[in-house]
Amino acid sequence: MFKIYGYARVSSKEQNARRQITALQNFGVPSGNIFTDYCSGRDFIRPAFQKLLNLLRPEDIFVVKSIDRLGRNYAEIIEQWRNISKIKGAAIVVLDNPILDTRRNKDILGTLVSDLILQIMSAFAQIERDFIKQRQAEGIAAAKANGVKFGRAPLPIPDNFFEVLQQWKAGKISARAAGKLLNVSHCTFLKWAKSALDNT
């Protein structure tokens with residue numbers, strides 16, 4: 001019996017994933033099968049996505065609201081699409097683009113059309129993201145020129161970080177549990193862990 005899974009992603013805990021989650025639930029994804037990452041596109045550490053991928057079996061259905069939830073750029077979107085549909089053997093449904101539904105039109109022509117649409121939509125997703133980044137950079141540069149300061153001060157690393165890091169490395173606790181022990185998100189813990197391990 002196949003299962004239906006949903007994936008949602010927003011850039012930070014300050015952003016709300018409710019709109020994506022509601023759309024997934026309206027499609028019929030059980031609440032317990034919805035996986036959500038709260039990680040920036042820059043770091044793109046996605047533990048919930050990886051957990052979902054590990055659960056996917058052939059004939060399962062993977063649902064996202066929009067194509068850009070799969071990756072940061074064209075190449076990554078295409079790679080994840082092929083990983084899910086070809087390697088995992090699961091069906092993919094993109095709610096915002098009904099033509100991107102691999103449950104339909106499984107003949108050669110249907111597959112060709114879907115692949116072409118996927119490539120076009122993925123390219124547009126990257127173009128849009130690059131355009132947004134350019135506008136943000138221009139706006140920030142203009143604001144800085146006027147004396148505006150941006151960004152939060154980096155979080156100080158807690159005194160017990162390395163103790164928690166050792167527990168995580170030994171497999172005694174998960175990244176999520178480590179984050180809770182340090183009063184930060186699991187994404188922040190993983191970023192600190194990567195930095196610490198890279199410098200050892």
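These are my notebook entries on a predicted model of one chain.

**Entry 1: confidence**

I began with how far to trust the model. The chain averages a pLDDT of 83. I noted that 81% of the residues score at least 70. Where is confidence lowest, and where is it highest? Helix 4, residues 108-145, is lowest, with a mean of 68. Strand 3, residues 61-64, is highest, at 96.

**Entry 2: overall layout**

I looked up the secondary structure next. The chain has 7 helices and 4 strands. Along the sequence I read β-α-β-α-β-α-β-α-α-α-α. Strands and helices alternate up to helix 4, and the pattern then ends in further helices.

Then I checked burial and surface. The chain has 200 residues, and 39% of them count as buried. The exposed area is about 12,300 Å². Carbon and sulfur atoms supply 54% of that area.

I also looked at contact range. I took contacts between residues at least 6 apart in sequence. Of these, 62% join residues at least 24 apart.

**Entry 3: salt bridges**

How many salt bridges does the chain hold? I found 3.

I opened Lys65 and Asp96 before the others. Their side chains meet in a salt bridge at 2.9 Å, N to O. Lys65 sits in the loop between strand 3 and helix 3 (74-87), and Asp96 in the loop between strand 4 (91-94) and helix 4, so this bridge ties together parts 31 residues apart in sequence. Is Lys65 buried or exposed? Lys65 is buried, at a relative accessible area of 14%. Asp96 is partly exposed, at 41%.

I went on to Arg69 and Asp68. Their side chains form a salt bridge at 3.2 Å, N to O. Arg69 has 15% relative accessibility and counts as buried. The cut-off for buried is under 20%. Asp68 has 26%, so I logged Asp68 as partly exposed.

Asp101 and Arg103 complete my list. Their side chains meet at 2.7 Å, N to O. Here the acid is the buried partner: Asp101 has 4% relative accessibility. Arg103 is partly exposed, at 37%.

**Entry 4: aromatic residues**

I counted aromatic pairs and got 8. I looked closely at one of them, Phe161 with Trp192. How are these two rings arranged? The ring centres are 5.8 Å apart and the planes stand at 85 degrees, so I logged the pair as edge-to-face. The pair links distant parts of the chain. Phe161 is in helix 5 (residues 161-169) and Trp192 is in helix 7 (residues 186-198). The two are 31 residues apart. Phe161 is buried, with a relative accessible area of 1%. Trp192 is buried too, at 11%.

Which residues form one aromatic cluster with this pair? I listed Phe161, Phe162, Trp168, Phe189 and Trp192.

I also looked for a charge over a ring. Arg46 lies over the face of Phe49, at 4.0 Å from the ring centre.

**Entry 5: Leu197**

I stayed in helix 7 and picked Leu197. Leu197 is partly exposed, at 34% relative accessibility. What does Leu197 touch, not counting residues up to four places away in sequence? I found Trp168 and Lys169. Trp168 is also one of the aromatic cluster in Entry 4. I then took the distance from Leu197 to Leu165, C-alpha to C-alpha, and got 9.6 Å. These two leucines are 32 residues apart in sequence.

**Entry 6: Thr36 and Gly28**

I turned to Thr36, which is found in strand 2. Thr36 is buried, with a relative accessible area of 16%. I set aside its neighbours within four places in sequence and listed its contacts. They are Ala8, Ala17, Ile21 and Ala48.

Gly28 was my remaining check. Where is Gly28 found? Gly28 is in the loop between helix 1 (18-27) and strand 2 (34-38). Gly28 counts as partly exposed, at 40% relative accessibility. I also looked up its separation from Ile4, 24 residues away along the chain. The two C-alpha atoms are separated by 7.9 Å.

Notes:
Residues are numbered from 1 along each chain as its sequence is written. This is a predicted model: local features need pLDDT of at least 70, side-chain atom pairs count only at pLDDT 80 or more; totals for chains, interfaces and linings use all residues. Side-chain values use heavy atoms; hydrogens and water are left out. pLDDT is the predictor's confidence in each residue, from 0 to 100. Buried means under 20% relative accessible area, exposed over 50%, partly exposed in between (1.4 Å probe, protein chains only). Contact means heavy atoms within 4.5 Å. Accessible areas come from the Shrake-Rupley method with a 1.4 Å probe; for residues, only the protein chains shown count as cover. A salt bridge is a side-chain nitrogen of Lys or Arg within 4 Å of a carboxyl oxygen of Asp or Glu. Rings of Phe, Tyr and Trp (its six-membered ring) pair if their centres lie within 6.5 Å; planes under 30 degrees apart count as stacked, over 60 as edge-to-face and the rest as tilted. A charge sits over a ring if NZ of Lys or CZ of Arg is within 6 Å of the ring centre and within 35 degrees of the ring normal.
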